[in-house]
Each structure stands twice: as structure tokens, then as C-alpha cells.
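Please look over the sequence and the fold shown here before reading on. The paragraphs that follow begin with the enclosed spaces and then turn to helices and single residues.

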Amino acid sequence: MRGVRIPHDLNGQDRFVLGLSVGNLAVFLFGLLAAYAVIHLAGPLWLRVIVAFLLVTTTLAIVWVRPEGRSLLHWIAAAVEYGWSMRSERLSRRRDRTVSGLRVIANTPAAPSPVSMREDDDVLELPSADGEPVRAQPDLEHVDPVPVYLGGPQVIVFYSVKGGTGRTTLATEVACLLAARGWYREGPTARTLRLNVMLADLDRTSANVSVHVGLAQPTVLDYLGDFASSPERFSEYVVRHEASNLHLLLGSPKCLAVPGGPSLGTRQATELIATLRSGGHHFILIDISSSLGEFEAQILELADRIICVVTPMASAIQDLYRTVEVLRRLGHGPKLAYVANRVAERWDASEPMGDLGGHLVTQVPYDPGFEASENRHEPYVLQRKGTAHDAVLELATFIYPALQSPGLAHATSRWLPRLGRRRRAG
């Protein structure tokens, strides 16, 4: 999409006066006050005028100049952060060289070291009674290192206020890719295990994840009907997709957002998320409807990350601005990430992303293979490769960065060769 402007001067920040947000207005007023104070100080007039002029000019630049849609303060903070990261990287490399030197000394016969380190995962090993280091038994099935998973379950919600963006398709494809390709270890010397991934179809209006994966019963409606009497039976309502090892809580074939239908409010949403978190899954991906009722609002409140799906059309982007405005008012600004779907040609998203202050994770190109895979009830990422597959993989890597691990790719290639290897970033 080229040359499309959003009307009405929509922006990710609320304008207060003079087209400025509250924060920028405060910077503007403090700058003027500082210049006024400098003018009234004692000293040469020419010096006071120059300093006051510099203060006013700097303030105006900070407030109104926005290169690439971002303020100067943003670029200054980014430069400081980049410099700090480069400094940390240099220190890390210096420590690695020091450790490597110590490792070489430790391996010399003349002076054996009391502590050695394994080359594959840098795990300290204590010596045995006879002076030789006690080495853990290697994993013979997967020799390459696989990442250690730390932290609790993460809830990721796919959301868009406009229907037809391909939100359900992306949620299903990413969940299948994570379940099929995701590996982890519980500790540096533990065995390699499969990631536990759950996809919950909580779309009250048109749940159709079951169509994408070719599965039907049971559904979330059956679970909610029996929850009051037997909440511990949740596992009986979870189905497994054999091809990807994905666990699913399918949506109801009926429209639940109708008068007289089942009541789905904040209590049901809280119970569902709590049950999903206690199910032992590492990632819980949720697809919800484009409406924003109390049920959806509670799901978004309990989510760890919200991925907003947008198509590169003027009306869709305008709806995205409105969506983000509502989500920010609900306090979800730090959770937001963005993905463009069904992109016919490369889209320059710098302007809307600059306004929204967000990050476009990837652009998924239009591919009729998604429709063909849906008609066969088979996930696209398990059957095809290409630019669309790579974009979905990039989105899955954003959720689980360890997908770029060469050890993880090696473990996957043993049983899913179609996905191949992926080079580690950096």
C-alpha cells in the first residue's frame, strides 16, 4: 500500500493542546520557563540571548520534530541503549576470552583445574574424589544444545477489532509451528523435551479453529457447561492435533454472543485463563472475537501479550488506530505488538508504527496456499514452504526466540524435515 494517509489526524497519543500530548506540552512549558529564567539572570545580554535561544530551539525540536515518526527523545534513548548494549557486549566478550584462557590452562596436564566447564553449555562441574571432573551423561538423542525454558506460562492473545484480517489463521499457524518445532530443557543437563502449547478458540461469534485443523468435539461450550460441577475434568475437553502435537480447546459451532445464549462474562474468562495456566503449558495462544465485550476485555486484561493483526488497507489501519486507542485506555499499551497479514506488496509501516509507538513484528504476504490448506483442514506451515511460511516462522520466533537455536532446529529436523534448519540470529 502506497500513499495512503489516515484521516482525522489519528494518533496513538491523546492530543491536549497545540497538537501536543500532555507529556510534550509539559516539556514545552518547562523549556519556555527555562529560557525566561535565563533571560532574567545577571550577565552579558548577548550570552543570555544565545542561551535562551538555544533552549527554545532545543525544546521546539524535542516537542515537534519526529524523524521516522519518532520523537528526538526516543532516538536519544535508543542511542543510549545501543551504546550501553555495545558496552555490555564488549564486556561479555572480554569475560568469554578470560574464561576460554582459564579453560585452556585447566586442560594442561601440568596443572589440572579443580573446576572444569563443558563446551556445549558452559555448566560448572565439580571434581570427583580422584581429582577427575564428574561429567554429566550427554543426551545421545540430541547432541546439539537445546535452550533451557525459564518462567511460567505465557498467554498470547490474537486480536483485531476488524473481522477478516486472518487473525484465526495466524493464531492457528503460529500455534502449530510452536508445538511442532518447539523444544526445551528443564535444566542445562536435562533431556530434551517438547514444548507444551495450547490454542484456545474463545471466539464467541464465529469460532473456526476446528476447520483449520480438522477436529470437532468437544468444545469450550461443553466445558463451561460442566465446569461448575467438575472443573478438574478440564483435560477431557482438550483435543490433540497429532501432526503438530498441539493441544486445543475448540470453540463452539454456535454463536454464543446472542441474546439468550450462554453467559460468558468476566467470571468465566477468569476461570478459563486460570485453568489454562494451571495446565502445564508453556504458551497459551488465544483467539477471541473482534467485538470487545466484558468477556473479551477480561481475556485481554489477563493476557501477557496482545498481537494486533492488521491488513494493509486504509480502512483496516484506521480501525487499528481506534483499536489501539481503546486498548491503551484499558492499560494494555505495553502488551501490544503488531503483524501485517495478507500483504500484496511490501508495505512501508513506518508512519503508522511511529504514530502508535509500536513494533511491526513481520509482514505475512498473501498466499492462496492458506486457503487451500484450510479447505483440506491442514495447517499451512506443516505442508508448505516459502515467503509466507518464513513470515509465520518469524512471528513464532518473536513469541519463542529459542526457535532460532541451531540445536532446536537440529532436533526438529529429525522428525519434521520439511521445516529445515534456521540460522541463529546474530
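Which elements each supply at least two residues of the lining of the largest cavity? They are β10 (305–310) and α9 (314–329), where helices (H or I, at least four residues) and strands (E, at least two) are DSSP runs, numbered from the N terminus. The model is a predicted one, in which local features need pLDDT of at least 70 and side-chain atom pairs count only at pLDDT 80 or more, while totals for chains, interfaces and linings use all residues. Residues are numbered from 1 along each chain as its sequence is written, and side-chain values use heavy atoms, with hydrogens and water left out.

A cavity here is a set of points, on a 1 Å grid over the protein atoms alone, where a 1.4 Å probe fits but cannot get out, and its lining residues have an atom within 4 Å of a point. Grid points are joined across faces, edges and corners, and a volume is the space filled by probe spheres set on the points. Three cavities of 30 Å³ or more are found in the whole structure, and the largest holds about 70 Å³ of space. Helix α9 gives the largest share of that lining, four residues, and the residues around the largest cavity include Tyr159, Ser160, Thr165, Val309 and Asp319. By class, this lining has seven nonpolar, three polar and two charged residues, with Ala, Val, Leu, Ile, Met, Phe, Trp, Tyr, Cys and Pro counted as nonpolar, Asp, Glu, Lys and Arg as charged, and the others, Gly among them, as polar.

One residue of this lining, valine 309, lies in strand β10 and is buried, with a relative accessible area of 4%; buried means under 20% relative accessible area, exposed over 50%, and partly exposed in between (1.4 Å probe, protein chains only). Its C-alpha atom is separated by 5.6 Å from that of serine 160, although the two residues are 149 residues apart along the chain. Leaving aside neighbours within four places in sequence, valine 309 has contacts (heavy atoms within 4.5 Å) that include Phe158, Leu170, Val339 and Asn341.

The second largest cavity has a volume of about 50 Å³, and among the residues that line it are Asp201, Arg204, Val220, Leu224 and Phe295. Two or more residues of this lining come from each of β6 (197–202) and α6 (220–227).

Turning to the helices, α4 (residues 167–181) has 15 residues, and 15 of the 15 are buried, so α4 is largely enclosed by the rest of the structure. Helix α2 (residues 45–64) has 20 residues and reaches 28 Å from its first C-alpha to its last, close to the 28 Å expected at 1.5 Å a residue, the expected span being 1.5 Å times one less than the number of residues. In α2, Arg48, Ala52, Thr59, Ile62 and Val63 are buried. Seen down the axis of α2, its buried residues fall within an arc of 95°, so they line one face of the helix; the arc is that of the directions from the helix axis to the C-beta atoms. On the other side of α2, Trp46 and Phe53 are exposed.

Two loop residues complete the tour. Asparagine 245, in the loop between β7 (239–241) and β8 (246–249), has a positive phi of about 65° although it is not a glycine, and is buried at 10% relative accessible area. Histidine 377, in the loop between α11 (369–375) and α12 (387–399), has a positive phi of about 60° and counts as partly exposed at 39% relative accessibility.

Definitions and conventions: 1 Å grid on protein atoms, 1.4 Å probe; cavity = no way out; pocket = protein on both sides within 12 Å on 5 of 7 lines; lining within 4 Å.
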